[in-house]
Structures are given as C-alpha cells and as structure tokens.
Amino acid sequence: MAEVDERNVNYYLTTPTVESVPLSKLAGFTVFLKLENLQPPGSFKIRGISHFCKKAVNERGCKRLICASGGNAGMAAAYAAQQLKTPCTIVLPESTPEFIAHKLRDYGAEVVVKGKVFDHANQYALELAKQTGCEYVHPFDLPDVWEGHESVIYECESQLKPVRPDVVITCVGGGGLLNGILQGMRSIGWDDIPVVAMETVGADCFNKSIEAGELITLPDITSVAKSLGALTVSSRTFDNYKIQKPPILSAVVPDRGTVNACLKFADDHRYLVEPACGATLAAIYSNVIQRLQEEGKLGTVSNALVIVCGGSSVTLELLLKWKNDFNL
C-alpha cells in the first residue's frame, strides 16, 4: 500500500453548498448556503489555519504551534496540530466560554487564559512564540491563512456551476475569511461580484475604519458576537476595501438581530451557529440586502451565496440565554 504524502492531505472537508428554501422564500431570491459549520472543529477556520500549520511543520520544522484565540481559531489550530502530531499551546482571552477550553484540551492542546480580549491574549502568545522551535499562528492576519481560506470560493464555484452568484455574503471580524474570499474571487474571475461584509454593533472595527478613512482600534468588544472580537481589522482587509475588486459593502446589525438570525436559522435548518455567523445570516433575516438595494448600493439580486461560517462557541443553553436576554 502506497504511503500518503502528508503535505498533500487536507485537514478540512469539502462542505456542501445547498439551496435554502426558507431563506429564499423570505428574501425573494435564491439563497445558497455554504455550510462551513460542518467542518470538524466547527468553522471555516480549519481551512486557512491548517494550511499555515502544515507549512510550518512540514516545511519549516516547527516543533510547537502557538495560537491566541477567542475559540474558533484555537479549535482549528488544536485540531490541525493533533493531525500533524505536533504539540500546541492555545492562549484564550477571559471572554472565552469554559466549554471551549475543555474542547481544546480534548484535542490535546495546552490551554492558557490571559487578558480580557483577543489583542491581550495575542501579545502573550507572541512572547511564547519567541521560544526556539515555536511558530505563532495568527487567527486571521497571515498570508498563508488567507490563501487557505480561498478554497471555500473554489468549492463554491464548482458546486454552483453554471450559476454565478449576484452577491456573496459573509462576516468580518479580523478579516481573515474576507481576505481569502476576495483573493479566491479574483482568481476565478468573480471580481465584479459585490461582497456584503457583516458586523455587529460593538464588534465593528471594519465599518468604523471605513467611516474614518483609516484603521480604527475599538476600545473594547461590547457585542455578544465575541468571535468577531478583534479590536482592529487586518490592514490587508482595509486595503482590499480601497481596491474594490470585488466591491465590498459594509453593513452592521445590532446584537438582537444577529441572535434572532441564529434562532431562526436553528428553526429553518436545524443547525446551531454562534452570533458571529448570525451576523452573516442577518443580511437575509434582517433584510439588509433589500436595504442596500433601496439605498442604491446594490443592484438586482437573483441569487446570493451566503458563507455559513459556523462557530464552536455555541450551545443550546447559550442560545436560549441570548433569546431571553434580547426578549426574542
């Protein structure tokens, strides 16, 4: 039996792209869902982070992977490290739910809790990564991570043929997924298709930067969507906005809207997703697409591609708590 070349093994799944009857009926146009919530560690993050980790271990001889994360990037790094049989340390901010730390340990990772938000945990992880043989895995701001995330678009193109979406909808926290989506779209000639980048109030560093015309650092993350919790968006993401190939439309929804989207999506498709993903889905559930059309920012939409990014920081108990908190 021939040996498998580990350098060519993908640690992510080719996830399905499916038509959503409930969301299409609500929106008045066809809605396709790219179900990244089905990835083994729970989100799209495994694409870019496993791509980086494979290069670190197989090409650069890394002996320990170190990552700072509010949950999903840490889960992806821990899962990739387990597959690569490489030790891994995950630094979590205090805002991370305890059950996430347990999941990370189940993947064999060492877990360290440090700082109030991602940026504080990140500084500590950077110090740890200075040790010999260690490599730092940034959750979103690395070219190899963006390159790995491109694969989500390549799959969508293949799965949707001959359909070409009129708009792509995603969320943006630090910008890693958005960067990968934009790079992938440019590669396949989708650079004229607008991308709606969703955020929540209180985790909207991208939108605030666009308004200011320069990179803005938020003082704190006050949104329930903690996985969008970067205080500053990637400079590459801001540069991509200025290039406008593909065109990017920034939109912000309140926490109530994103939690409402999570609840409705659970009813419509029987999946639990966290509020960061709910922000994406709120583009449909809160009529953001129609509002952008009414404002003259978006043209005719016959079909939309929605990247259901997933998220491991959600439980039924948490979702019901958020439902109660927002009187939904």
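The chain exposes about 13400 Å². Carbon and sulfur atoms supply 50% of that area. The values come from a predicted model.

Secondary structure in the chain amounts to 14 helices and 10 strands. The radius of gyration is 19 Å, close to the 20 Å that the globule rule gives for 328 residues, so the chain is as compact as a globular protein of that length. Along the principal axes, the C-alpha atoms fill a box of roughly 55 × 50 × 40 Å. Of the 328 residues, 58% are buried. Among contacts with a separation of 6 or more, 72% join residues 24 or more positions apart.

Charged side chains number 31 positive and 36 negative. The centres of the two sets lie 1 Å apart.

In soluble globular proteins, nonpolar side chains tend to be buried together. The largest nonpolar core in the chain holds 73 residues. Within this core, I169, V196, M198, L281, I284, I289 and V308 touch the most other members. Helix α12, spanning residues 275-285, gives the most to the core, with eight residues. The contacts of L281 reach well along the sequence: leaving aside residues up to four places away, L281 touches L23, A261, F265, V273, V306 and V308. Another core lies apart from the largest one. This other core has 31 residues, including Y11, A56, L84 and L142.

Two local sites were examined further. The first concerns H149, which lies in helix α6 (residues 143-149). H149 has a relative accessible area of 1%. Because residues under 20% count as buried, H149 is classed as buried. Beyond residues up to four places away in sequence, H149 touches F44, K45, R47, G48 and I49. H149 also touches G176, L177 and G180.

The second site is helix α9, which covers residues 205-212. Buried positions in α9 are C205, F206, N207, S209 and I210. These buried residues pack against two helices, α8 (176-187) and α10 (235-243). They also pack against two strands, β8 (195-200) and β9 (248-253). Just after α9 comes G213, with a positive phi of about 75°.

Technical notes
Residues are numbered from 1 along each chain as its sequence is written. This is a predicted model: local features need pLDDT of at least 70, side-chain atom pairs count only at pLDDT 80 or more; totals for chains, interfaces and linings use all residues. Side-chain values use heavy atoms; hydrogens and water are left out. Helices (H or I, at least four residues) and strands (E, at least two) are DSSP runs, numbered from the N terminus. The radius of gyration is taken over C-alpha atoms; the globule rule is 2.2 Å times the number of residues to the power 0.38. Buried means under 20% relative accessible area, exposed over 50%, partly exposed in between (1.4 Å probe, protein chains only). Contact means heavy atoms within 4.5 Å. Accessible areas come from the Shrake-Rupley method with a 1.4 Å probe; for residues, only the protein chains shown count as cover. Lys and Arg count as positive and Asp and Glu as negative; His and the chain ends are not counted. The place of a charge is taken as NZ of Lys, CZ of Arg, CG of Asp or CD of Glu. A nonpolar core is a set of buried Ala, Val, Leu, Ile, Met, Phe, Trp, Tyr and Cys residues joined through side-chain atoms within 4.5 Å.
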